[in-house]
Amino acid sequence: MEANGKVSWMQHRLKTACLFLRPVQESDIPAIQKAASAFAVADAMISIPHPYPEDEAQRFVETQRELMSKKQSLTFSMIETEKKAFTGLISLRDFEPEHQTAELSFWVAPNAQGRGYMTEALPSVLDLAFKHLELNRIYAYHMLRNVPSGRVLEKCGLRPEGPKHGVKCGKFEDVLLRAVLREEWSKISEQLISRVRERYAVELGGS
Ligand SMILES: CC(C)(COP(=O)(O)OP(=O)(O)OC[C@H]1O[C@@H](n2cnc3c(N)ncnc32)[C@H](O)[C@@H]1OP(=O)(O)O)[C@@H](O)C(=O)NCCC(=O)NCCS
C-alpha cells in the first residue's frame, strides 16, 4: 500500500483461461534469461540484443520494477496456471500521461509459442489499460515479416497506422506501427473478453 492509500501497480493481477499474469519479479530472472537468449525470441524483438548478455535478465527485471514503482511501465509475466511455468512477458511501456499513451511489447518463450497464449493474454492487458490505467491509445510496432505478431495485434483491434523503419542487428527492418484507441476498444472488448469470461478476473492495484 502506498502512502496515499492507493495500491501499487506491483499488485495488479490478471487471470485468463490458462494463464495468470502478475508483475515481473526476481524469481523470473532465470526463465527470462533462458528464453530471451533464444533466436526465436530475439530475432523479432528490436529491444532484445542477440547474443543476449549474461545478467541482462537481471538488469531488465530490476529496471522494470523500478519503472513500475514510478508508474512509468507495467510488465507482466505470463504464468501457465496448471504447470506454474513462466511463458512470456507483456509490457506497457513509455507511459505518456499527458497524451494517455503507452507502447505495447510482448514475447512468448520458444517452447510455448503457437499455443494461443498471446491471443489469450493480450485482451486482458488491454482491458486493464483502457479501463483502469487511464490510457487512451496503445500502440505497438512489429516487423512486417513477423506474421504471428501482426496477427495477434490485428485480432486485438490494433489497426495499422503506417510503415516505419527500425534497426535490428545493424540492418533496416520494415516495421508496421499499429494502435488502438479506448473508444475502439470499448466496441470490441466484450467479444474478445467473452471467450475467457468465466475465468477472467482482475485484481486491481491503484491507478
Ligand atoms: C509473436 C508471438 C508473441 C505470438 O505469440 P503466440 O502465443 O505464439 O501466438 P498465438 O499462438 O496466440 O498465435 C498468433 C496467431 O499467429 C498465427 N501464427 C503463428 N505462427 C505463425 C506463422 N509462422 N505464420 C503465420 N501465422 C502464424 C497463429 O495461427 C495465430 O493466428 P490464428 O489465431 O489466426 O490462427 C510469439 O510468437 C513470439 O513471442 N515471437 C517472438 C517474439 C515476438 O515476435 N514478439 C513480438 C514482437 S512485435
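This report walks through a predicted model, from the residues around its ligand to its helices, strands and loops.

## Around the ligand

Let's start with the ligand. Twenty residues surround the ligand, and those that come nearest are Ala44, Met118, Thr119, His142 and Pro148. Sorted by chemistry, the shell holds eleven nonpolar residues, seven polar ones and two charged ones.

Which parts of the chain supply at least two residues each to this shell? They are strand β5 (101–108) and the helices α4 (117–132) and α5 (147–155). Helix α5 gives the largest share, with five residues.

## Helix α4

Helix α4 also rewards a look along its length. With 16 residues, α4 reaches 23 Å from its first C-alpha to its last, which is close to the 22 Å expected at 1.5 Å a residue.

Many names appear on the list of buried residues in α4: Tyr117, Met118, Ala121, Leu122, Pro123, Ser124, Val125, Leu126, Leu128, Ala129 and Phe130. You have already met Met118 as one of the residues nearest the ligand. After α4 comes glutamate 134, which has a positive phi near 60°.

## Helix α1 and its buried side

Now find helix α1, which covers residues 29–36 and has Ile32, Ala35 and Ala36 buried. These three residues lie on the same side of α1, because they cover an arc of only 90° around the axis. The spacing of residues in a helix helps here: an α-helix has 3.6 residues a turn, so residues three or four places apart point the same way.

What do the buried residues of α1 pack against? Their partners are two other helices, α2 (39–42) and α3 (56–69).

## Two strands, two settings

Next, compare two strands, beginning with β3. Is strand β3 (residues 74–80) largely enclosed or largely in the open? Six of its seven residues are buried, so β3 is largely enclosed by the rest of the structure. Strand β2 (residues 19–23) runs antiparallel to β3, and five bridges join the two. In this pairing, proline 23 stands opposite phenylalanine 76 of β3. Strand β3 is also antiparallel to β4, with seven bridges between them; here methionine 78 stands opposite glycine 88 of β4. The hairpin of β3 and β4 has four residues between the strands, and lysine 84 takes a positive phi near 55° there.

Strand β7 (residues 159–168) has another setting. Of its ten residues, the number buried is zero, so β7 lies largely in the open. Its antiparallel partner is strand β8 (residues 171–181), and nine bridges join the pair. One facing pair to look for is proline 160 and arginine 178, the latter in β8.

## Unusual backbone spots

The loop between α2 and α3 holds two residues to pick out. One of them is proline 51. The peptide bond leading to proline 51 from histidine 50 is cis, with omega near 5°. Aspartate 55 is found in the loop between α2 and α3 as well, and has a positive phi of about 70° although it is not a glycine. Aspartate 55 is exposed, because just 10 other C-beta atoms lie within 10 Å, and a residue with 12 or fewer counts as exposed.

Cysteine 169 sits in the loop between β7 and β8. This hairpin has two residues between its strands. The phi of cysteine 169 is near 50°, a positive value in a residue other than glycine. Cysteine 169 is exposed, with 10 other C-beta atoms within 10 Å.

## Arginine 93

Our last stop is arginine 93, a residue of strand β4 (residues 85–96). Why is arginine 93 classed as partly exposed? Arginine 93 has 15 other C-beta atoms within 10 Å, and a residue is partly exposed when its count falls between the 12 or fewer of an exposed residue and the 20 or more of a buried one.

Leaving aside neighbours within four places in sequence, arginine 93 is in contact with Ser73, Ala102, Glu103 and Ser105. You can also locate arginine 93 relative to alanine 36: the two are 57 residues apart in sequence and 18 Å apart in space, C-alpha to C-alpha. Alanine 36, you may recall, is among the buried residues of α1.

Technical notes. Residues numbered from 1 in each chain as written. Predicted model: local features only at pLDDT ≥ 70, side-chain atom pairs only at ≥ 80, totals over all residues. Near = placed C-beta within 6 Å. Nonpolar A, V, L, I, M, F, W, Y, C, P; charged D, E, K, R; others polar. Arc of directions from axis to C-beta. Contact = placed C-beta atoms within 7 Å. Pairing = 2+ DSSP bridges. Expected span 1.5 Å × (residues − 1).
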